[in-house]
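Charged side chains can be followed through a protein by asking where they pair up and where they stand without a partner. Please look at the sequence and the structure below with that in mind.

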Amino acid sequence: MPGNKYNSNSAHIPNRVERLLRERELRKNNRASSQLNEANDNNSEKEEESSRNSYFEKYLDGAAAVRALNEGPENQEARPLRQRLLVVANRLPVSAVRRGEDSWSLEISAGGLVSALLGVKEFEARWIGWAGVNVPDDIGQQALTKALAEKRCIPVFLDEEIVHQYYNGYCNNILWPLFHYLGLPQEDRLATTRSFQSQFSAYKKANQMFADVVNAHYEEGDVVWCHDYHLMFLPKCLKEYNSKMKVGWFLHTPFPSSEIHRTLPSRSELLRSVLAADLVGFHTYDYARHFVSACTRILGLEGTPEGVEDQGRLTRVAAFPIGIDSDRFIRALEVPQVQEHIRELKERFAGRKVMLGVDRLDMIKGIPQKILAFEKFLEENPIWRDKVVLLQIAVPTRTDVPEYQKLTSQVHEIVGRINGRFGSLTAVPIHHLDRSLDFHALCALYAVTDVVLVTSLRDGMNLVSYEYVACQDAKRGVLILSEFAGAAQSLGAGAILVNPWNITEVANSIAQALNMSSEEREKRHRHNFLHVTTHTAQEWAETFVSELNDTVVEAQLRTRQVPPPLPNREAIQRYLRANNRLLILGFNATLTEPVDTPERRGDQIKEMELKLHPDLIEPLTALCNDPNTTIVVLSGSDRNVLDDNFGELDMWLAAENGMFLRATKGQWMTTMPEHLNMEWVESVKHVFEYFTERTPRSHFELRETSLVWNYKYADVDFGRLQARDMLQHLWTGPISNASVDVVQGSRSVEVRAVGVTKGAAIDRILGEIVHSKSMTSPIDYVLCMGHFLGKDEDVYTFFEPDLSTDNNGLPRSKITDGLRSSGERRSSPKLLANKSGSKSSQNKTQRPLPNPEKKAAVNHKSGNVRWPSPDKISWNVLDLKKENYYSCSVGRTRTNARYLLQSSDDVVSFLKELDDASSDFE
């Protein structure tokens with residue numbers, strides 16, 4: 001891709017992988033040092049850490065945090081202050097209970113996110129979220145805020161209506177089912193449609209309320225880490241407040257395929273809001289790939305191996321599999337209370353193999369499928385009926401929702417039927433508990449279990465499998481894991497992977513696990529145990545924040561290579577002071593109506609019909625009427641398109657990359673080289689027709705100097721494959737020996753004759769304009785602005801004063817080589833040599849004026865007037881100082897242009913300003 005010589009940096013800068021490797025080594029060294037310092041901790045501290053509440057209290061307690069930060073006065077000066085991390089999640093890691101008008105009691109709510117940040121010393125976390133209670137009065141809010149501050153938590157106060165519409169409505173009723181492939185609600189569709197907009201509005205409002213709290217506590221240099229589907233609008237809200245804020249977003253659920261996500265009415269808004277983040281993280285590569293695909297197919301953006309690119313801005317998308325704090329589970333097994341539980345369970349189930357399932361009672365967990373598979377196993381293996389027991393822990397959730405009530409009844413019915421069928425007076429095959437277990441009891445249960453069954457129908461990660469492996473270093477049990485759980489990507493090698501919908505397969509896997517040899521169990525367990533103990537929650541959090549920091553650095557380095565915005569005020573002031581101005585404007589995506597609007601988005605017919613932006617008619621008309629200003633619309637479009645849009649304006653039109661030229665009050669003439677070989681057109685046309693037939697929603701344009709195949713509206717991946725096949729066929733067949741250039745756009749392939757570029761045509765265009773207008777003074781101001789392909793950006797460099805030129809006065813290898821290749825033998829205008837080296841000649845571009853007495857000749861074959869070759873030199877066309885030349889790319893950040901405008905809307909604003917300033921100046 002072309003670079004920008006005005007924004008280059010020659011100093012060596014470590015690449016992203018080098019920086020991340022260095023950061024990883026630093027983290028490892030810091031962790032080893034920290035472990036060495038803590039090696040002498042006594043057993044009483046271990047006892048305290050194994051207690052659930054004490055464990056999280058230690059992390060969240062403000063005083064303990066201060067002590068951990070200081071780590072003694074002798075170390076305070078030796079190490080830098082830690083980076084602040086603002087963790088923003090829907091719920092705080094504490095639950096609040098009101099005890100009085102201004103008093104609250106706080107209960108710690110252990111969770112994976114808390115575990116992930118526990119013990120991470122590279123940064124200092126602050127939690128922002130909803131406390132789970134409605135606090136309408138100011139006194140209560142102030143008291144709760146003060147109480148939570150001691151736990152390093154900051155509350156977001158949501159009223160009951162917002163919670164109902166935002167949390168129960170949009171989050172749990174719309175997004176959660178969709179992200180788990182359950183689809184949008186099917187029952188009572190009319191009511192759902194009526195309430196959807198109000199729920200979505202509440203969702204956006206709640207996200208803005210979270211953003212307001214973050215903004216109030218944000219300090220420069222902080223990292224803001226947003227979590228989960230509840231806060232998909234938050235990155236956009238934060239970036240609108242402060243574009244330099246470091247923002248990451250992580251999804252703890254699956255992200256569905258683009259075909260599922262596109263059913264969501266607010267699909268585009270959510271995707272664009274998430275893309276405002278610097279780094280977007282998922283548990284697995286599959287989820288990340290689905291997200292990038294959704295952005296590509298729904299938003300039409302460019303997917304790259306690094307993430308999603310939108311007008312030069314890259315949002316990095318990557319997989320960060322979460323882990324657990326494995327040391328906590330391993331240490332817990334040594335606690336006397338847990339050892340006592342283990343003894344009790346071994347006595348209780350002596351002589352029987354123990355199988356375990358630990359799940360929320362939820363549709364996605366596959367509990368009915370698990371129990372039915374166990375039933376089939378008992379049917380086919382009667383020898384095991386008295387030798388195995390399944391313990392199913394089903395933690396109740398959303399008990400007020402009818403679907404969940406129905407699921408509970410279904411599970412109870414299946415369990416009762418199986419126990420009645422295979423049980424006895426003294427034993428039953430299934431023990432089902434509709435409640436959660438405390439941490440010690442759960443660790444003990446993991447330790448005595450022979451086989452764990454995870455049969456999730458769709459799960460973001462499922463950390464039960466990790467917890468089981470961490471507690472199994474003595475027993476070496478077997479893990480049966482659904483291939484639809486995110487953990488299958490990490491633990492698949494050591495687990496038995498199953499499709500939970502295939503009851504027979506799961507039943508056979510149970511038999512395989514129960515009959516597995518100790519050697520095979522050892523191998524499988526060792527593999528998984530190594531992964532669980534090295535890919536911990538702390539490592540996950542450190543890696544994400546480290547990559548977020550580096551992503552911001554990478555973006556800053558990339559920004560240095562992006563041209564600065566067009567300095568409107570300066571460009572206008574110099575325009576007003578100039579005597580003879582030339583404005584060269586592109587058409588498509590520069591002067592056209594924007595297509596990315598709700599009423600036009602995805603409408604192929606309307607988008608293919610190029611229309612001048614309606615707001616440009618008035619300013620263009622006024623600028624064209626200025627006798628000291630010449631406007632040229634230089635486009636790749638054919639003549640009819642330019643005639644339809646600009647026929648009423650007094651300007652010059654250059655169609656097909658400048659190969660055809662006319663003043664709007666004159667007739668078309670050609671600027672093509674005389675001996676241009678176009679014999680290849682027919683064979684290329686057949687190829688383009690063939691691929692257009694094979695690629696739905698693609699189309700091709702047959703022009704007089706080129707052919708363009710466009711697959712912008714086709715399926716992105718299929719279009720790229722077809723373009724690749726097309727290019728391979730073209731290079732080995734129709735154009736293998738032809739003098740043509742193949743120009744690849746983002747979603748187009750163009751074949752044109754060699755030398756057909758905007759830069760190659762501009763010299764001939766200038767000559768005709770000067771001759772036609774009978775100019776007597778040189779052009780001393782040039783504005784060249786467009787959304788040009790890389791091949792056509794030679795028009796920018798054509799006017800650059802400080803580029804080396806050959807003896808024809810043209811940028812070397814840009815124009816003259818191309819004309820020579822195409823068989824052009826006419827003489828080119830020559831630059832008057834200035835050998836004095838005076839200051840006045842420095843930083844200027846000078847071009848010769850052709851002999852105005854030379855008459856135009858008619859090319860009878862094409863019916864077009866052909867511009868004549870100049871024979872004599874009279875004076876210089878251009879007398880252009882460097883500061884009076886403005887090249888500006890529209891919407892393309894990788895460009896040779898000096899400046900950048902983001903869209904055609906910015907072009908409209910600039911030209912309006914230019915028109916207003918010209919009117920005032922007069």
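This report goes through the salt bridges first and then turns to a patch of negative charge.

The model shown here is a predicted one. Under the rule used for charged pairs, the count comes to 40 salt bridges, and three of these pairs are set out in the table, each with the distance between nitrogen and oxygen and the helix that holds the two residues.

| Salt bridge | N to O distance | Helix |
|---|---|---|
| Asp286 and Arg289 | 3.2 Å | α13 (residues 285-299) |
| Lys376 and Glu380 | 3.2 Å | α16 (residues 367-380) |
| Arg524 and Glu520 | 3.0 Å | α22 (residues 518-534) |

How far apart along helix α13 are Asp286 and Arg289? They are three residues apart, which is about one turn of the helix, and their side chains meet in a salt bridge. Asp286 counts as partly exposed because its relative accessibility, 26%, falls between the limits of 20% and 50%, and Arg289, with a relative accessible area of 39%, is partly exposed as well.

In helix α16, Lys376 and Glu380 are four residues apart, again about one turn of the helix, and the closest N and O atoms of this pair are 3.2 Å apart. Lys376 is partly exposed with a relative accessible area of 22%, while Glu380 counts as partly exposed at 41% relative accessibility.

Arg524 and Glu520 are separated by about one helical turn because they are four residues apart in helix α22; their side chains meet in a salt bridge at 3.0 Å, taken from N to O. Glu520, at 30% relative accessibility, counts as partly exposed.

Salt bridges can also join into a wider group, and here Glu375, Glu379, Arg417 and Arg421 are linked in a network of salt bridges.

Which residues form the negative surface patch? The patch is formed by Glu618, Glu913, Asp916 and Asp920, and its largest share, three residues, comes from helix α33, which spans residues 904-921. Glu913 lies in helix α33 and is partly exposed, with a relative accessible area of 37%. A residue of a patch must have over 30% relative accessible area and no salt bridge, so the 37% of Glu913 fits the first of these conditions.

Terms used:
Residues are numbered from 1 along each chain as its sequence is written. This is a predicted model: local features need pLDDT of at least 70, side-chain atom pairs count only at pLDDT 80 or more; totals for chains, interfaces and linings use all residues. Side-chain values use heavy atoms; hydrogens and water are left out. Patches are made of residues with over 30% relative accessible area and no salt bridge: like charges are joined within 9 Å, nonpolar side chains (Val, Leu, Ile, Met, Phe, Trp, Tyr) within 5 Å. Accessible areas come from the Shrake-Rupley method with a 1.4 Å probe; for residues, only the protein chains shown count as cover. A salt bridge is a side-chain nitrogen of Lys or Arg within 4 Å of a carboxyl oxygen of Asp or Glu. Lys and Arg count as positive and Asp and Glu as negative; His and the chain ends are not counted. The place of a charge is taken as NZ of Lys, CZ of Arg, CG of Asp or CD of Glu. Helices (H or I, at least four residues) and strands (E, at least two) are DSSP runs, numbered from the N terminus. Buried means under 20% relative accessible area, exposed over 50%, partly exposed in between (1.4 Å probe, protein chains only).
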